[in-house]
Amino acid sequence: MATDKTDKSVLFVDTTLRDAHQCLWATRMTTAMMLPICEQLNRGGYAAIDLMGMVQFDVCVRYLREDPWERIRRIRELVTEAPLKAYMRSKSLIGFDVLPDDVNALWVERLVANGIGMVAAFDALADLDNIVPNLLLAKRLGAKTCGALVFCESPIHTDAFYSGKAKELVERAEVDWLMVKDSGGLLTVDRIRTLIPELRKVIGNTPIELHSHCMTGMAPLVYLEAVKLGVKILDTSIDPLSNGPAQPSTQTMIRNLQSMGYDTFIDQQIVDEISSHWHTVAEQEGLPKGVPMAYDAFHYEHQMPGGMLTNLKAQLDASGLADKYDEVLHECAQIRQELAWPIMVTPFAQLVGTQAVMNIVHGERYRVVPDEVKKYALGYYGKLPAPVDPDILDRIVRNGSDRIKLDPPEQPPMVNTLRKKYPSATDDERLLRFCLAGREVDLIREAGPMRTDISIYRPLPQLLKELSTRRNWNSIHITGKGLNITLKENPGSVQDNGASLTSA
């Protein structure tokens, strides 16, 4: 995992198992889809494998009915050459609210204990008090650490702002890598040319990792320019889970860097094998493949992430407000300015989008204020990088819920309470129960053992599934060692066609 092999070397972090499918497949990649290509990932030459974020924990439990801790353990058994990487979002974990320090500390401990070898942490307000303790703890537990600064465009998010935060982060947390996390795909070639040199001046020999998305089509060019400026680590995803709102393509980036004279240490043949697997999965499951996106200058005005845009459009359509889409986006841009330029990542993209919709629907700005907006304005999520517009702050305080006090309350310790509440549970289970309400964790248990195989590697079920889509046949015979299957009188699906199965 060394990052100083030569001046002409570039290392890769594979994002396919986390951010790529979060962007393109609504985070619905299952563990069974991942396991068949873990051996190749292990031999691929990667500096790290991006595996878990807070969204993955949430979706694993609520939608896939998988134990996310078990996902980590199973993949750790197969991927041993590169560290598995997990993200922590501020002190909030899965939800929006800041959680007690002891809960965050236990989360770090369980990540490392289950097999995470690199802990990355970011705070969208760049309030480093929210992430430095977790990073220091991860280092004490033996994990590598990555401190991320989330990039955005605004009058306050200047190169000087980022270089100051980078210097503080490296000095306070002693991170192994510093990441420029461009979640909105906003970096341009011109901006990277000024930003990276400023960071390099203040962080010494700490390697810079660059993470971006292809929403504006600029990310691949930004990556190549960043490498010329000394960036040593790039986050990419493997076709077909690249481009679109996801990361640049691993295959394309390797070719371009090699043509520029750089070593990548990635085994191209293995990458092709992994790519073939994902193409097969996408086709079988009817999942989208990433394609390059056209440049959209308006994206720099509202700066909404791709997933949020999709959800926003769907919600407006369902409410009969599809014609208000552009108006809502313009309102988002105005709200960002009034609220001291929040970076449009979770939870701030959601709270800005919700406030924008309410402003348009009610016909009066800030007449209705969601609790999260009031909490943000009052500093519940951390120190704001600039003051909120005073007039807007007055409206938010006046129209927001009286339950939200002007001063954020202290967060009392919770771990001992959790252990008393769930005496027979593990700490892994306790953390999930703390973060996810209702019976969500019980439903994982009721779902039974985690599925670890996928039908593309079970030829007979896949064949039967394919036959179910065919028409105009009267009889099909399938024979093999110990197997004799006859399918007759197809009315449109194998399940209804009176197929008979007998042993040979």
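In this predicted model, the charged end of Lys181 sits over the ring of Phe122, at 5.2 Å from the ring centre. A second arrangement of this kind involves Lys8, whose charged end sits over the ring of Tyr262, 3.9 Å from its centre.

Before turning to further details, a word on confidence is helpful. The protein chain has a mean pLDDT of 90, and 91% of its residues reach 70 or more. Residues 492-504 call for care, since the pLDDT over this stretch is below 50. This stretch nevertheless has 27 contacts in the model beyond near neighbours in sequence. Where pLDDT is low, predicted coordinates should not be read in detail.

The interior comes next. In soluble globular proteins, nonpolar side chains tend to be buried together. Here, the largest nonpolar core holds 150 residues. The members that touch the most other members are Leu17, Phe57, Trp107, Leu210, Trp278 and Leu339. Trp107 is a helpful residue to follow through this region. Leaving aside residues up to four places away in sequence, Trp107 touches Met54, Phe57, Trp69, Met88, Leu93, Ile94, Leu431 and Cys435. With a relative accessibility of 0%, Trp107 counts as buried.

Aromatic rings add another layer to the picture. A pair of aromatic rings is described by the distance of the centres and the angle of the planes. The structure holds 10 aromatic pairs. In one of them, the ring centres of Trp69 and Trp107 are 5.3 Å apart and the planes stand at 55 degrees, so this pair is tilted. Trp69 belongs to helix H5 and Trp107 to helix H6 (residues 101-114), so the pair ties together parts that are 38 residues apart in sequence. Trp69 is buried, with a relative accessible area of 0%. Phe57 joins these two tryptophans, as ring pairs link Phe57, Trp69 and Trp107 into a cluster.

Phe348 and Tyr376 form another aromatic pair: their ring centres are 5.3 Å apart and their planes stand at 65 degrees, so the pair is edge-to-face. Phe348 lies in helix H16 (residues 348-362) and Tyr376 in helix H17 (residues 371-377), so parts that are 28 residues apart in sequence are tied together by this pair. Both Phe348 and Tyr376 are buried.

Helix H5, the home of Trp69, spans residues 68-78 and also includes Arg76. The side chain of Arg76 reaches the backbone oxygen of Gly115 at 3.4 Å. Not counting residues up to four places away in sequence, Arg76 touches Glu81, Ala82, Pro83, Leu84, Asn114 and Gly115. The C-alpha atoms of Arg76 and Gly117 are separated by 9.3 Å, although these residues are 41 residues apart along the chain.

Polar contacts also involve Thr31, a residue of helix H2 (residues 31-34). The Thr31 side chain makes a polar contact of 2.9 Å with the side chain of Arg71. Beyond residues up to four places away in sequence, Thr31 touches Glu66, Arg71 and Met450. Thr31 counts as buried, at 0% relative accessibility.

Finally, several backbone features deserve a look. Most residues other than glycine have a negative phi, and most peptide bonds are trans. Against that background, a cis peptide bond joins Asp239 and Pro240, with omega at about 10 degrees. Pro240 is found in the loop between strand E8 (233-236) and helix H11 (250-259). The loop between E8 and H11 also contains Asn243, which has a positive phi of about 65 degrees although it is not a glycine. Asn243 is buried, with a relative accessible area of 16%.

Another cis peptide bond joins Thr346 and Pro347, where omega is about 5 degrees. Pro347 lies in the loop between helix H15 (325-338) and H16, and H16 is the helix that holds Phe348 of the edge-to-face pair. A positive phi, of about 55 degrees, also appears at Ala26, which is not a glycine. Ala26 is found in the loop between helix H1 (16-24) and H2. With a relative accessible area of 43%, Ala26 is partly exposed, whereas Asn243 is buried.

Definitions and conventions: Residues numbered from 1 in each chain as written. Predicted model: local features only at pLDDT ≥ 70, side-chain atom pairs only at ≥ 80, totals over all residues. Heavy atoms only, no water. Helix = DSSP H or I, 4+ residues; strand = E, 2+ residues; numbered from the N terminus. Contact = heavy atoms within 4.5 Å. Polar contact = N/O pair within 3.5 Å; in protein donor to acceptor, adjacent residues only side chain to side chain. pLDDT = per-residue confidence, 0-100. Core = buried A, V, L, I, M, F, W, Y, C linked by side-chain atoms within 4.5 Å. Buried < 20%, exposed > 50% of the residue type's maximum accessible area, 1.4 Å probe, protein only. Phe/Tyr/Trp six-rings, centres within 6.5 Å; stacked < 30°, edge-to-face > 60°. Lys NZ or Arg CZ within 6 Å of the ring centre and 35° of its normal.
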